[in-house]
Amino acid sequence: MSYESKARRCAIWFAVNDLRSRGYIIDRCCGKNRIFDLIAWNRDSILGLLIRTARTQNIRTYTEEITKISSLVQDRMVPGRTELWLYHPNGRSRYQILPGGAISIREAGL
């Protein structure tokens, strides 16, 4: 198993634990053609999450995925909020995916 796949698996479980601690119910998405890695919901919101790892805080590597999700958001094909969580050596960065691309969001609260 490669370092990247181990890091990504760990990142997904960090995200699952974080979401559970905030009262979310989580469903992990599997399969080669999945859109999201996790779908999470609580009484107030639904989150579609892409969980990624990188050696830097830069999301340029994921431009293609962001563009794909962004078009779904623009067409209102995904319910709720859509985010990319990027785990890197300095911690985690969160980005909300909007119709025009991704924007960095602060870490306090979901």
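**Close-up views of a predicted model**

**View 1. Strand E4 joins strand E5 in an antiparallel pair.** In this predicted model, six bridges link E4 to E5, the strand of residues 91-98, and the two run antiparallel. Together E4 and E5 make a hairpin. Two residues lie between the strands. At the level of single residues, His88 has Gly91 of E5 as its bridge partner.

**View 2. Strand E4 also pairs with strand E3, in the parallel sense.** E3 covers residues 46-53, and seven bridges hold the E3 and E4 pairing. One residue pair to pick out is Arg52 with Leu86: Leu86, in E4, is the bridge partner of Arg52. Strand E4 itself spans residues 81-88. Of its eight residues, seven are buried, so E4 is mostly covered, buried being under 20% relative accessible area.

**View 3. A helix connects the parallel strands.** Helix H2 takes in residues 63-74. E3, H2 and E4 form a β-α-β unit. The unit is right-handed.

**View 4. Tyr24 sits in a loop and is buried.** The loop lies between helix H1 (3-21) and strand E1 (25-28). Tyr24 counts as buried because its relative accessibility is 6%, and the limit for buried is under 20%. Its side chain makes a polar contact with the side chain of Ser45, at 3.1 Å. Trp41 is 17 residues from Tyr24 along the chain, yet the C-alpha atoms of the two are separated by 5.2 Å.

**View 5. The largest nonpolar core contains 14 residues.** Leu19, Ile26, Leu38, Leu49, Ile51 and Trp85 have the most contacts inside this core. Four elements each give two or more residues to it: H1, strand E2 (38-41), E3 and E4. H1 gives the most, with five residues.

**View 6. Leu38 and the residues it touches.** Residues up to four places away in sequence are not counted here. Among the contacts of Leu38 are Ile12, Ala15, Val16 and Leu19. Leu38 also touches Ile26, Asp27, Arg28 and Cys29. Leu47, Gly48, Leu49 and Ile51 are further contacts of Leu38.

**View 7. A second core is separate from the largest one.** This second nonpolar core has twelve residues. Ile59, Ile69, Leu84 and Tyr95 are included in it.

Note on methods
Residues are numbered from 1 along each chain as its sequence is written. This is a predicted model: local features need pLDDT of at least 70, side-chain atom pairs count only at pLDDT 80 or more; totals for chains, interfaces and linings use all residues. Side-chain values use heavy atoms; hydrogens and water are left out. Buried means under 20% relative accessible area, exposed over 50%, partly exposed in between (1.4 Å probe, protein chains only). Two strands pair if DSSP finds at least two bridges between them. A crossover is right-handed if, with the strands pointing away from the viewer, the path from the first strand over the helix to the second runs clockwise. A polar contact is a pair of N or O atoms within 3.5 Å; within protein, one must be able to donate a hydrogen and the other to accept it, and residues adjacent in sequence count only if both atoms are side-chain atoms. A nonpolar core is a set of buried Ala, Val, Leu, Ile, Met, Phe, Trp, Tyr and Cys residues joined through side-chain atoms within 4.5 Å. Contact means heavy atoms within 4.5 Å.
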